[in-house]
Amino acid sequence: MSWDDGWWAYAFIAIAGWLATDLWRWLGVLAGNRLREDSEALNWVRAVATALVAAVVAKLILYPTGILEQSPLWLRLGAIAVGTAAFFGSRQRPAVGIGTSIAVVAAGLFWLGF
Amino acid sequence: MDISENEGTRKDWFLTGMRGIFSLPAIILMLSFVGFCAFTAQAGVPVEQVVFMVGVVWALPAKVILVGSIMGGANLLTAFIAVTLSSIRLMPMVAALIPEIRTARTPTWLLLFLSHFVAITAWVFAMERVQSVPRQHRIAFFAGFGITLVLTNMALVAIVYRFVADFPPIIAGCLFFLTPVYFLASIWSSARHPVIYVALIIGLAAGPLFYWLAPEFDILLAGVGGGTLAWALERNWRLKRSARL
């Protein structure tokens, strides 16, 4: 059963990808249907959901894949720091924070000879 | 936006949701998908399977792990476990979104169907904008945005697949970096509850900490542990402040 064997590849994606993700979405619907919008329980769910996303973000920055895997950590952390400063300096405009961070990464990669 | 009772039909709000494809979050996600497409092309996954994957899995981190498992030669069970562990976060995300968009009459089957379109971008976008949509039209608004976003990215991946393999490394690096930076900026600027700020900061620190302590379950532990800590801290402050008033 090699990866390219037609239907098997699609079955693999459907089980290990589709089912493995939608399972949690469906459970989320069933749980969310019982939560009241102003409840303390929903506040806790919000906190957990946000912390989970933040943990994914931290991993993407600290342990990237692809070309950034070879970039120095200080460049990535520096880009986040400068971007954060620009974000708060511009009254929290996302586009300014995002643009600044990306510009720092681009300049750093260029300067390092990527 | 006006929040009186009868403004616009369900179709109007579905179209308003569809127009979200031209928003900053949607454009950044599309750029991230170009980056993902380059990753799959380098990994040698055929384009038809990449398009299928975008449609049925949708969440980008889950797909990266799925492709990673395939490349590592993982068997079905191992790949399933890796992807499912990475996707537990979808449950609290959906659970937090549902009370914001449903009405007392929204059928559960419709919510089950629409939950498929939840991933980080659609979640951040919906949590941010749904407040300005009349409650009875929020489902239509989210459906318009979510379905358009998935279909557009399926088409995008199908088209760009054969061009992405030879991207210059600087472009590829910037495309990858867009995703985390965008999530940070948009979650912070769209937060409507104080607990979100606390949870975001604690989660950023808890992610690497648990990666170091227990790499197998880091995201889960960081979310539940960090999220609970954030909730307890914020609740404590809130109660103290209201006791003083």
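## Exercises on a predicted two-chain model

L66(B) counts as buried because it has 27 C-beta neighbours inside 10 Å (buried: 20 or more other C-beta atoms within 10 Å of its own; exposed: 12 or fewer; partly exposed: in between; C-beta atoms placed from the backbone). The model is predicted: local features need pLDDT of at least 70 and side-chain atom pairs count only at pLDDT 80 or more, while totals for chains, interfaces and linings use all residues. Residues are numbered from 1 along each chain as its sequence is written, with chains lettered from A and ligands numbered from 1 in the order in which they are written.

### Exercise 1. Place L66(B) in its surroundings.

Step 1. Find the element. L66(B) sits in helix α4 (residues 60-71) of chain B. Helices are DSSP runs of H or I with at least four residues, strands are E runs of at least two, and both are numbered from the N terminus.

Step 2. List the contacts (C-beta atoms, placed from the backbone, within 7 Å). Leaving out residues up to four places away in sequence, L66(B) touches A16(A) and G17(A) on the other chain, and M53(B), V57(B), A79(B) and V83(B) on its own.

Step 3. Check a residue not on that list. V47(B) is 19 residues from L66(B) in sequence and 15 Å away in space, C-alpha to C-alpha.

### Exercise 2. Describe how α4(B) is covered.

Step 1. Check the length. The twelve residues of α4(B) reach 17 Å from first to last C-alpha, close to the expected 16 Å at 1.5 Å a residue. The expected span is 1.5 Å times one less than the number of residues.

Step 2. Count the buried residues. Nine of the twelve are buried, so α4(B) is mostly covered. Among them are K63(B) and S69(B), as well as L60(B), P61(B) and I70(B).

Step 3. Name the cover. It includes α1 (6-32) and α2 of chain A, together with α2, α3 and α5 of chain B.

Step 4. Look past the end. Just after α4(B), G73(B) has a positive phi of about 75°.

### Exercise 3. Test the length of α9(B) and find its packing partners.

Step 1. Compare spans. Helix α9 (residues 138-160) of chain B has 23 residues and should span 33 Å at 1.5 Å a residue; its end C-alpha atoms are 33 Å apart, which agrees.

Step 2. Pick out the buried residues. They include R138(B), F141(B), F142(B), F145(B), L149(B), N153(B) and V157(B).

Step 3. Name the partners. The buried residues pack against α1 (10-19), α2 (24-43), α3 (47-56), α6 (90-101), α7 (108-115) and α8 (120-129) of chain B.

### Exercise 4. Characterise the side of chain B that touches chain A.

Step 1. Count both sides. 81 residues of chain B are in contact with 67 residues of chain A.

Step 2. Find the main contributor. Helix α10 (residues 169-190) of chain B gives the largest share of the chain B side, 19 residues.

Step 3. Sort by class. The chain B side has 60 nonpolar, 17 polar and four charged residues. Ala, Val, Leu, Ile, Met, Phe, Trp, Tyr, Cys and Pro count as nonpolar, Asp, Glu, Lys and Arg as charged, and the others, Gly among them, as polar.

### Exercise 5. Locate the largest nonpolar core.

Step 1. Size it. The largest nonpolar core has 122 residues (buried Ala, Val, Leu, Ile, Met, Phe, Trp, Tyr and Cys residues joined through C-beta atoms within 7 Å). Residues with the most contacts inside this core include A51(A), L66(B) and A199(B).

Step 2. Find its main source. Helix α2 (residues 40-62) of chain A gives the largest share, 16 residues.

Step 3. Place it. Domain 1 (10-190) and domain 2 (193-245) of chain B both give residues to this core, so it lies between them. The domain bounds come from an automatic or database assignment.

Step 4. Follow one member. The contacts of A51(A), beyond four places in sequence, include A199(B), I202(B), A206(B) and A230(B).

### Exercise 6. Compare R91(A) and Q92(A).

Step 1. Place them. R91(A) is in the loop between α3 (73-89) and α4 (94-111) of chain A. Q92(A) lies in the loop between α3 and α4 of chain A.

Step 2. Read phi. R91(A) has a positive phi near 55°; for Q92(A), phi is near 60°.

Step 3. Judge exposure. R91(A) counts as exposed, with 8 C-beta neighbours inside 10 Å. Q92(A) is partly exposed, with 13 other C-beta atoms within 10 Å.

Technical notes: Contact = placed C-beta atoms within 7 Å.
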